[in-house]
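Hi,

Here's the structure I said I'd pass on. Have a look at it first, then read my notes underneath.

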Amino acid sequence: MSNVMTIENLNKKYGQNGSTKVTIEELSLEIAEREFLCILGPSGCGKTTLLRCIAGFENYSGTVYVDDKKVYALGIDRIMVFQDFNKLFPWKTVEDNIKYPLKLRGVKDKDELKRITTDALNKVRLFDCEKLYPYQLSGGMKQRVAIAKAIALKPKIILMDEPFAALDAMTRRDL
C-alpha cells in the first residue's frame with residue numbers, strides 16, 4: 001500500500017516581540033492510502049497548526065508530500081473542514097454553496113453538478129435542505145454543509161479540525 005501523505009521533519013515556530021514559541025518540532029509521519037488518522041492532545045499542543053500546515057495555510061520548515069509530490073501551497077488535493085461552521089456564503093443556498101467550488105474546479109454540466117451535490121447532501125443527511133440559506137440552518141447543519149462541500153470535491157485528503165463539535169451525539173455517531 002502506498003503513502004498518500006508523507007511529512008518529513010516538519011517544524012513550526014511562532015515569533016512575537018522577540019520571543020519564539022515552538023509549536024511543532026521535527027514531526028515526521030507517513031499516512032497510507034485510505035488510512036484514517038486522528039490526532040489527539042490537549043488544547044494548544046499544535047493539532048490545528050499541523051492541519052493548517054498540511055493544508056497550506058501556514059509557513060513551516062520541513063516537507064509535506066502528497067502522492068510523492070512536494071506541497072508548496074494550498075491545493076484542491078487537501079481540503080480543510082474548520083471547527084467554525086460559519087464558512088458558507090450567506091447569499092447562496094446550501095446547494096449553491098456546494099456547487100460553487102465544483103464550478104471553480106471545472107465542473108460545468110448542470111446534471112453532473114446536481115448529482116454530485118445531491119449525493120454529498122445525502123451523505124451528511126441534509127437531502128431536503130438544498131434550497132435553504134445558511135441563516136435558516138442550525139450550527140450543526142451548517143457544519144454538515146461544510147463537510148458536504150469537502151466530500152463533493154473528492155479531495156485526496158480531508159483535514160478536519162473538530163468538525164463534529166457542533167453536532168448532536170446521534171448525528172456525530174452517524175457521520
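**The two main pockets**

About 600 Å³ of space lies in the second largest pocket, and I'll start there. Keep in mind as you read that this is a predicted model.

This second largest pocket is lined by 22 residues, and the ones closest to its centre are I79, M80, P101, K149 and L153. Strand 5 (78–81), helix 2 (94–104) and helix 4 each put at least two residues into that lining. Which element gives the largest share of it? That would be helix 4, with 5 residues. If you sort the lining by class, you get 15 nonpolar, 2 polar and 5 charged residues.

Now for the largest pocket, which has a volume of about 1,200 Å³. Its lining has 35 residues, and F36, L37, I158, L159 and M160 lie nearest the centre. Several elements supply at least two residues each here: strand 1 (3–16), strand 2 (19–32), helix 1 (47–55), helix 4 (139–153) and strand 6 (157–160). Helix 1 gives the most, with 5 residues. The class count for this lining is 25 nonpolar, 2 polar and 8 charged.

So helix 4 is worth finding on your screen: it supplies residues to the lining of the largest pocket and also to that of the second largest one.

**How the helices pack**

Before the numbers, one bit of background: two packed helices are described by the angle between their axes and the distance between the axes. There are three pairs to go through.

*Helix 3 with helix 4.* Helix 3 (residues 110–123) packs against helix 4 at an angle of about 130°, and the axes are 9 Å apart. That angle is why helix 3 counts as oblique to helix 4. The crossing is right-handed. From helix 3, the contact uses I116, A120, L121 and K123, while helix 4 brings A148, I151 and A152. Of these residues, 6 are nonpolar, none is polar and 1 is charged.

*Helix 2 with helix 3.* Here the angle is about 120° and the axes are 10 Å apart, so these two helices are oblique to each other as well. Helix 2 passes helix 3 in a right-handed crossing. On the helix 2 side, the contact is made by V94, E95, I98, K99, L102 and K103; on the helix 3 side, by L113, K114, I116, T117 and L121. How many charged residues does this contact have? There are 4, along with 6 nonpolar and 1 polar.

*Helix 2 with helix 4.* The two axes come within 9 Å and cross at roughly 35°. Left-handed or right-handed, when helix 2 passes helix 4? Right-handed. V94, N97, I98, P101 and L102 in helix 2 meet V145, A148, K149, A152 and L153 in helix 4. This contact divides into 8 nonpolar, 1 polar and 1 charged residue.

**Residues to click on**

A few names come up in more than one place. P101, K149 and L153 are among the residues closest to the centre of the second largest pocket, and they also take part in the contact of helix 2 with helix 4. I116 and L121 of helix 3 touch helix 4, and both turn up again in the contact with helix 2. A148 and A152 of helix 4 meet helix 3 and are also in the contact with helix 2.

Have fun exploring!

Terms used. Residues are numbered from 1 along each chain as its sequence is written. This is a predicted model: local features need pLDDT of at least 70, side-chain atom pairs count only at pLDDT 80 or more; totals for chains, interfaces and linings use all residues. Side-chain values use heavy atoms; hydrogens and water are left out. On a 1 Å grid over the protein atoms alone, a cavity is a set of points where a 1.4 Å probe fits but cannot get out, and a pocket is an open set with protein on both sides within 12 Å along at least five of seven lines; lining residues have an atom within 4 Å of a point. Grid points are joined across faces, edges and corners, and a volume is the space filled by probe spheres set on the points. Helices (H or I, at least four residues) and strands (E, at least two) are DSSP runs, numbered from the N terminus. Ala, Val, Leu, Ile, Met, Phe, Trp, Tyr, Cys and Pro count as nonpolar, Asp, Glu, Lys and Arg as charged, and the others, Gly among them, as polar. Axes are lines fitted to C-alpha atoms, for helices over the stretch in contact, and angles run from 0 to 180 degrees between N-to-C directions. Angles under 35 degrees count as roughly parallel, over 145 as roughly antiparallel, 65 to 115 as roughly perpendicular and the rest as oblique. A crossing is left-handed if the near helix is turned anticlockwise from the far one by less than a right angle, and right-handed if clockwise. Contact means heavy atoms within 4.5 Å.
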